[in-house]
Amino acid sequence: MQTKSENELRQEIVRLAQDFLARGLVVRSWGNFSARLDAESFLVTPSGLAYTAMQPDDLVRCSLADGTKLPGEKGKPSSEAPMHAILYRLFPEAQMAAHTHQVYASALSLVPDGLSFSGSPLPVGSYALPGSKRLHKNMEEALSRAQASAALMGRHGAFVFGCSPAEVSERADALEKSCLGLWEKMTGRKNSHRRAIDAHSPEEEALAARFGANLPAGESLCVSLDPELQRLFSRTKMLEAWLDDFAQICGQHVGSLRKSNSVRYDRETQAALCFGQNPGDAENVRAVLEKNVRAAALAEVCDLKPLPLWECRLMRFVYLKKYSRQYSK
């Protein structure tokens, strides 16, 4: 049982979330973090609040019985709070958990079975719309089979847990390293992923200056010259949604026309133009784009289908009308 004070736990969760953000294991306010309080409750990060602005008092107390917030709590808990409640019920020894959107674990979440991690099978919960009861039910089934304190959420991300922030962090790193190795083995290519979300090559900076010269007020742009992206567009006209955060943040698909999407691919320069409300927001859009194209590479090898178009439209609509506004407050 937890021996730390509630204030200590709140501070640890915020530090862990901000550390994961800095290391690219989550973007924007995506993902969620929690810690067990006692036999009946846990703390979880709130919905839609940027980790950079999050304070210990913003965390929400929730019931272990069903993941709903406790009486008197003012904040809105993450929509994945019921999944954290399931975890703590299934694993009495677990004290802290993180739902991440790390690049290669997210890509490997397209593969329904046959994966392993730390010498044990790595379960993958079947895909369902984010925050839905079906998703939580699917993850309950997957978590019930977890043997290495980790499970994947189909077309969505990863879920890792442990007894301390250090253990959760180490587990997330080990999972990513394992999934990167599997991705390289399955695709036959070496990792070429950006070293940091805010890293730009000189060529990307030059193109960003060129294309961003006449942007309207309140809009920023950054550029991706990612080799995986260029490889895909050398053979096709469009990048479809393989991961749900791509459908939400980037758009239903990416091609040469921007329309209502947050990304456009310029074939002349072989560059993806990523738009956001500010430079950091544009970089997050790029991060999600580059993660999705790695999922696409795996889907090509495994002959998988992209997310249904109607689900992509629904997720994009909800994101634009509700979630992105909540995030920008």
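Which residues form one aromatic cluster? In this predicted model, the answer is F20, F33 and Y51. Aromatic contacts turn up elsewhere too, and seven aromatic pairs are found in the structure as a whole. Take F42 and Y88, for instance: their ring centres are 5.6 Å apart and the planes meet at 50°, so this pair goes down as tilted rather than stacked or edge-to-face. The contact brings together distant parts of the chain, with F42 sitting in strand β2 (residues 41-44) and Y88 in helix α2 (residues 81-90), 46 residues apart. As for solvent, F42 has a relative accessibility of 0% and therefore counts as buried. Y88 comes out at 2%, so Y88 counts as buried as well.

A second pair tells a similar kind of story. The rings of F91 and F161 have centres 4.8 Å apart and planes at 45°, so this one is also tilted. Here again distant parts of the chain are linked: F91 belongs to the loop between α2 and β4 (96-100), while F161 lies in strand β9 (residues 157-162), and the two are 70 residues apart. Both F91 and F161 are buried.

Rings also meet charge in this model. The charged end of R258 is placed over the ring of F275, 3.8 Å from the ring centre.

Now for the strands and what packs on them. Strands of a sheet pair through backbone hydrogen bonds, and they can do so parallel or antiparallel. In the sheet with the order β10-β14-β13, which is open and has three strands, the pairing is antiparallel. Its edges are β10 (220-224) and β13 (263-266), each of which pairs on one side only. On average, neighbouring strands of this sheet are turned by 25° against each other, ignoring direction. Zooming in on one of the pairings, β13 and strand β14 (residues 271-276) run antiparallel and are joined by four bridges. One residue-level detail is that D266 has A271, in β14, as its bridge partner.

Which helix packs on the sheet with a direction about 140° from that of β10? That would be α6 (residues 202-211), which touches β10, β13 and β14. Helix α9 (residues 279-302) also lies across β10, β13 and β14, and runs at about 30° to β10.

Methods: Residues are numbered from 1 along each chain as its sequence is written. This is a predicted model: local features need pLDDT of at least 70, side-chain atom pairs count only at pLDDT 80 or more; totals for chains, interfaces and linings use all residues. Side-chain values use heavy atoms; hydrogens and water are left out. Rings of Phe, Tyr and Trp (its six-membered ring) pair if their centres lie within 6.5 Å; planes under 30 degrees apart count as stacked, over 60 as edge-to-face and the rest as tilted. Buried means under 20% relative accessible area, exposed over 50%, partly exposed in between (1.4 Å probe, protein chains only). A charge sits over a ring if NZ of Lys or CZ of Arg is within 6 Å of the ring centre and within 35 degrees of the ring normal. Two strands pair if DSSP finds at least two bridges between them. Axes are lines fitted to C-alpha atoms, for helices over the stretch in contact, and angles run from 0 to 180 degrees between N-to-C directions. Contact means heavy atoms within 4.5 Å.
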